[in-house]
Amino acid sequence: MSRVILSALLSHWRRNPLQLITLLAGLALATALWSGVQAINAEARASYDAAAATLGDGQYAQITARDGGAIPQETYVALRRGGWAVSPVIEGRIDGVRLIGLEPLTAPGGLGPVRAGGEADLGAFLSGSGQVFARSDTLTRLPDLAAEPVTAPDVAPNTALTDIGVAQRLLDREGQIDRLIVLPDQPLTRRPLSDIAPDLIRSAPQEGGDVARLTDSFHLNLTAFGLLSFAVGLFIVQGAIGLAFEQRRPMVRTLRALGVPLRRLILLMAVELALLALLAGGIGVALGYLIAAALLPDVAATLRGLYGADVAGQLSLRPVWWLSGLGIALGGTALAASGALWSLARMPLLSGAQPRALMMARSGVGQATIAALLLVLSGALALWGDGLLAGFAMLGALLIGGALALPPLLGLVLRWAETPARSATAEWFWADTRQQVPGLSLALMALLLAMAANVGVSTMVSSFRLTFTGFLDQRLASELYVRAADAAQADMIREVARDHADALLPLLSTERQVAGMPAKVYAARDHATYRDNWQFLDAVPNPWDRLARGEGVLINEQMFRRSDLSLGDEVTIALGTGLPVLGIYGDYGNPIGQVIVTEPLFRDLHPEVTALRFGLRSDPGQVAALRDALKEAGIPQAAMTDQAALKRMSLAVFERTFTVTTALNVLTLAVAGFAILMSLLTLAAMRLPQLAPVWALGLTRRSLARLDLLRAVVLAALTAALALPLGLALAWALLAVVNVEAFGWRLPMYLFPLDYLRLTGLALLAAALAASWPAWRLSRTPPAQLLGVFRNER
Amino acid sequence: MNVKTLFLLLFLPAQTMAQGFAGLGTTADGFATPQPDRALEFPADHGPHPAYRIEWWYLTANMTGPDGTPYGLQWTLFRSALAPRDGEGWDTPQLWMGHAAVTTPEAHHVAERLARGGIGQAGVEPAPFQAWIDDWAMQGPNFDTLTLTASGPDFAYDVDLAATGPLVLHGQDGYSVKSAAGQASYYYSQPLYDLNGTLTLPEGDVAVTGQAWLDREWSSQPLAEDQDGWDWFSLSFDSGDKLMGFVLRGASDFTAGTWITAQGAVTALPDGAFSATPLSWHEVTGREVPVEWQVRLPEQGLNATVRAINPDAWMTTSVPYWEGPVTINGSHTGTGYLEMTGYEE
Amino acid sequence: MLLHLDTVTKSYPDTETPVLHGVSLDLDVGGKLALTGESGSGKSTLLHLIGGLDTADSGRVEIDGTDLTPLDDSGRAGLRRGTVGVIFQQFNLIPSLTVAANIAFQARLAGRHDPARDAELATRLGLQKHLHKYPEQLSGGQQQRVAIARTLAAGPKLVLADEPTGNLDEASSDAVMSLLQELVEETGAGLILVTHSERLAARLPRRLHLRAGQLT
């Protein structure tokens, strides 16, 4: 019996392929956007995990040279002989590939390429010319290294691992070490680090360069986008399923009258939907893969440029990922279909045999009430909510509330527009538009969400960019940055600066716990560079004067928020030295705290720290000459970075981010446009009885079609008008609530009216494109078909 | 990387990894093999022999605290060569491993260190004698006067050693046969050091005195193919006599040993003279290990029970084994050390 | 006895007086009767109760010896599949299935599909040229013939026809009715015809009239 029933149910799709396509395409697109974004995130995270597993980044405390330079190998041996369980690491780049040398005997378990159960032969790794472990794509980028290449898929992307001895040889840095991994288990007795190697500094585990934490902000943007896109898709699915069920009501009634038990019918319809969801989910996952594969190189470039994180530029298929894609397609369908199935189960067998009004206009008052409640809830959460979860709940309430508010608001606006209508045609146009709202409401909600998401995310990304470039201007105020290898070179730089630069700003820093969090303490010379360029989030009057007098310190926003400090609070920057906070400055893309003290005070507190990095101020036109002078004095080019180059690089990185964002913008709008198209096509057949009388009364088919096109654009414009405030609220929530909860800094929000104008234009274009085909079909409707409306009337 | 696998890869040739300790029985490609007619020369032979595959400096001690509590101590430095040559820097194929342990009646503290040769992190110099890995060291002006230090996450020790007798050469003037098929090693001992020093334990520092036994052995293929482990005894009787005896477990057991009288006379024991039979077994970290033995040496009238002071003296090192102090009762009484390998499965 | 109704009463929440009030009725195997009455007299309700589409408030409905009162939804669905066939005024065809599939549908549901019987019915009802069309491509009379074929193909013991020609003009109405009578006669099934047409009612041997929920 089930087969007979199922064949009847499925015959509906065969007779109405457009509906089937809407359903499948909506669901597939929703899944594609979601899983595409997830794939990008998953790939990036897998890369970080691989990096953490191969390099011990973040898991272990590290010891590095105070001046950031190399550690002599003898120091490593001295530390071991002093009882320190440390393992040496050397790093370098060969043709862009990160080459890492490890010492497998002392490296912590789980680190390094030679693993239990693997084919690895430690003898070959340690002796002779050695081995280089890397992914196959990385190996192809490496030159011929005189070491045996070994393919190892679990090594971090763009990274090659080898024995430290081999790495020293390949990098031509015999006897040098870059950092030491501190093992968690240390012997009971060991000599203090300061006795053995006073020029080394130990940093706590999370500071070792926890890339994942830095990049979380970027991934949050992507995830928010993915989620919003899926919500847009769900509206389409909900629409398609609702329509299909509405149209199949008579069939359901007939089937039951012919003796099909209700429970079996509901079950089979659920199975039918599940099959369709799996099909659409499969297509969606495949599409998502394509989206991800297309965008990943840009994302990888962004992450590398922004945070120095190596992410694989190509995608690997992860079971978790495509399973979750199918899962979300099934779950989304269940969510969208549960209402329809429920009402079907409650439908009395003998109620009127005619289908109800197509999209039953949900009780307008009820919907408006729910929308209002959700918006109030979201406001309350924004004011009093606490924690990341509350932030996301607030986002959810805001979006759903906004979407639900759309139809009642549209109804209101259209009624208001109708009243002053001057001509009969205009009056009919507005009344008819109002009548179309219920049928189009789901598609319009999808458009609303798509636009709001786009406004929100692009505002966030653009604000981030503006803030970040501003921050770079502040931080990279000097025209040229130079790094000295040792004190002698530092003296040389000072000498050259005296003759060729306007000013020399030494960059002095040390690390210590401040106000309960790991922090870097910097020295600031009293110089106009700082006064002119730095902006404060909050500060006492004349902060630089007071700082110069040693009356206080400046702290970054992370420390201000996490340690709950405010202006005037005292922070301890050295034993027995507590100073009040004079100002708080923004500091983006950095997980730890920062404190700035005036240079003389810093030198008093830390006489052992010598400056090896300098910022040189000069006329921008004189930078080239300055570089030449430094080069003549024996400072290598690689030790110099000019500000313009740094900014250029940062901006290039942002361009990549925008490529990704723009691509996603266009995709979501396309999905929403598709929803409108499908709704209009479905409505078209049902609208003939409404249009036939107007046609009979003298409007041409062409002008009817024009009015239909106009109607779609008007509705889209009204939706866009509502989407703008919703999107801005969304951006505000992301920047001021979610960001602060997730990362400890608040990004200031900027408005980008031109972007919004462009987005609105795109939305109107999408609506017009979606409406043009149905309108064209209307203009070609044979008069006989319109006449048929009257003939069929009973 | 799994440390055990690492150890196996390092210290045992890869192709026989699955056989555990039995891997020591592989053929010695390119490595020197012990010859019966070579005379040992000191102090040079206290130093390393890089042409041989494997070598160790192995010290155990029985001690008592101020309150009479018995303690055991172990300090071992292993050398293993990936190839029969020496070298400078990271390039050397010589690898080093240290094991240290302190055993009390209630606890057993273990630590392990691994190091590459050639960079100064570990090594041995014959004179003045110095054997070290990381901060662990056994060193002194000569082989008779040494200080010994080691530390782990939960223990440390620092003791002085003074030899009270001559070195003992096992087997045929230091050429010690390890199987009926003729596998052999160079093997000598300093069986009697007076020890005093300090143990640092979680409970606090303990002043200890006692006696230590140092074994030196090197070879390239000490075990036969069919041998999968050994039970090794170093026993000091209250009479002043001492016995080193071992059983190599294989298709048929192979035993050997050395009897050292209180006066210092040394007798090498042929296969079968010494015997050891398990009396009771103890489960430690999932495997059964014999912790009580009946040892017999009829020609010396020895028939005694050897019992572990702490049956849980399991070495949780890369390749695990049992090593701990024992007490002797029966025809003879005294203390000693027991090492049992090949029980890791 | 094919059908036995004993003092059946049915009311709906939104009406004050019962739609059916103590209706008792017997029909022998192969028996045929016409049920007439004005709009709202309870004709359709009575037919729905007999067809297991609805349940009585009190009284007893027995078909072919089975009491319908204790049956749940799936039990009554089973009765509709196997024992009773209903021909609706609105035809109730499945729009997405072809004429042939519609005819075969109920028989397949009931598990006694016989293609030869389908073909015979299609020929007798003049549908053989339309088997591959969809219902929307047929005229009202043709659609009702498809509904009749669907019901008879399943071989019910009792055919219930609810104003089967209510949507048809007089000429096609007579033609459809004659065919229905002829085919039901051949199968030996019972027939209850609900109609407000005196002319149609007169075609059947027995005739009952419903007024205000009671048989007269």
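**Chains A and C in the predicted complex**

Helix α1 of chain C, residues 43–50, lies across β1, β2 and β4 of chain C. Its direction makes an angle of about 125° with β1(C). The model that shows this packing is a predicted one.

The strands beneath this description belong to an open sheet of four strands in chain C. Their order is β2-β1-β4-β5, and the pairing is antiparallel. The edges are held by β2 (20–27) and β5 (66–67) of chain C, each of which pairs on one side only. Strand β1 (residues 3–10) of chain C runs antiparallel to strand β4 (residues 58–63) of chain C, and five bridges join the two. One residue pair fixes the register: C:H4 has C:E62 in β4(C) as its bridge partner.

Helix α4 of chain C spans residues 115–124. Within α4(C), C:D118, C:L121 and C:A122 are buried. Viewed down the axis of α4(C), the buried residues fall within an arc of 100°, so they line one face of the helix. C:A116 and C:T123 lie on the other side of α4(C) and are exposed. The cover over the buried residues of α4(C) includes α3 and α5 (140–153) of chain C. Just after α4(C) comes C:G126, with a positive phi of about 70°.

Chain A contains an open sheet of eight strands with mixed pairing. The strand order is β6-β5-β7-β4-β3-β9-β1-β10. At the edges stand β6 (148–151) and β10 (200–203) of chain A. Each has a single partner strand, so one side of each is left without a neighbour in the sheet. Neighbouring strands of this sheet are turned by 30° against each other on average, direction ignored. Inside the order, strand β1 (residues 61–65) of chain A pairs with strand β9 (residues 179–182) of chain A. The pairing is antiparallel and extends over four bridges. Here A:Q62 stands opposite A:I181 in β9(A).

The two chains meet in a contact built from 20 residues of chain C and 19 residues of chain A. On the side of chain C that touches chain A, the elements giving two or more residues are α2 (73–82) and α3 (99–110) of chain C. The largest share of this side, six residues, comes from α2(C). Helix α3 of chain C thus appears in two settings: it gives residues to the side that touches chain A, and it is among the elements that cover the buried residues of α4(C). By class, the side of chain C that touches chain A has eight nonpolar, seven polar and five charged residues.

Confidence was examined for the complex and for each chain. The predictor gives the complex an ipTM of 0.89 and a pTM of 0.55. Chain C has a mean pLDDT of 87, and 100% of its residues reach 70 or more. Among the elements of chain C, strand β8 (residues 190–194) has the highest mean pLDDT, 92, and strand β10 (residues 214–215) the lowest, 82. Chain A averages a pLDDT of 78, with 81% of the residues scoring at least 70. Among its elements, helix α3 (residues 73–81) of chain A has the highest mean pLDDT, 94, and helix α23 (residues 783–792) of chain A the lowest, 68. Two stretches of chain A have a pLDDT below 50. One covers residues 206–212 and has 20 contacts in the model beyond near neighbours in sequence. The other covers residues 352–363 and has 17 such contacts.

Note on methods: Residues are numbered from 1 along each chain as its sequence is written. Chains are lettered from A and ligands numbered from 1 in the order in which they are written. This is a predicted model: local features need pLDDT of at least 70, side-chain atom pairs count only at pLDDT 80 or more; totals for chains, interfaces and linings use all residues. Two residues are in contact if their C-beta atoms, placed from the backbone, lie within 7 Å. Ala, Val, Leu, Ile, Met, Phe, Trp, Tyr, Cys and Pro count as nonpolar, Asp, Glu, Lys and Arg as charged, and the others, Gly among them, as polar. Two strands pair if DSSP finds at least two bridges between them. Axes are lines fitted to C-alpha atoms, for helices over the stretch in contact, and angles run from 0 to 180 degrees between N-to-C directions. pLDDT is the predictor's confidence in each residue, from 0 to 100. A residue is buried if 20 or more other C-beta atoms lie within 10 Å of its own, exposed if 12 or fewer, and partly exposed in between; C-beta atoms are placed from the backbone. The arc is that of the directions from the helix axis to the C-beta atoms.
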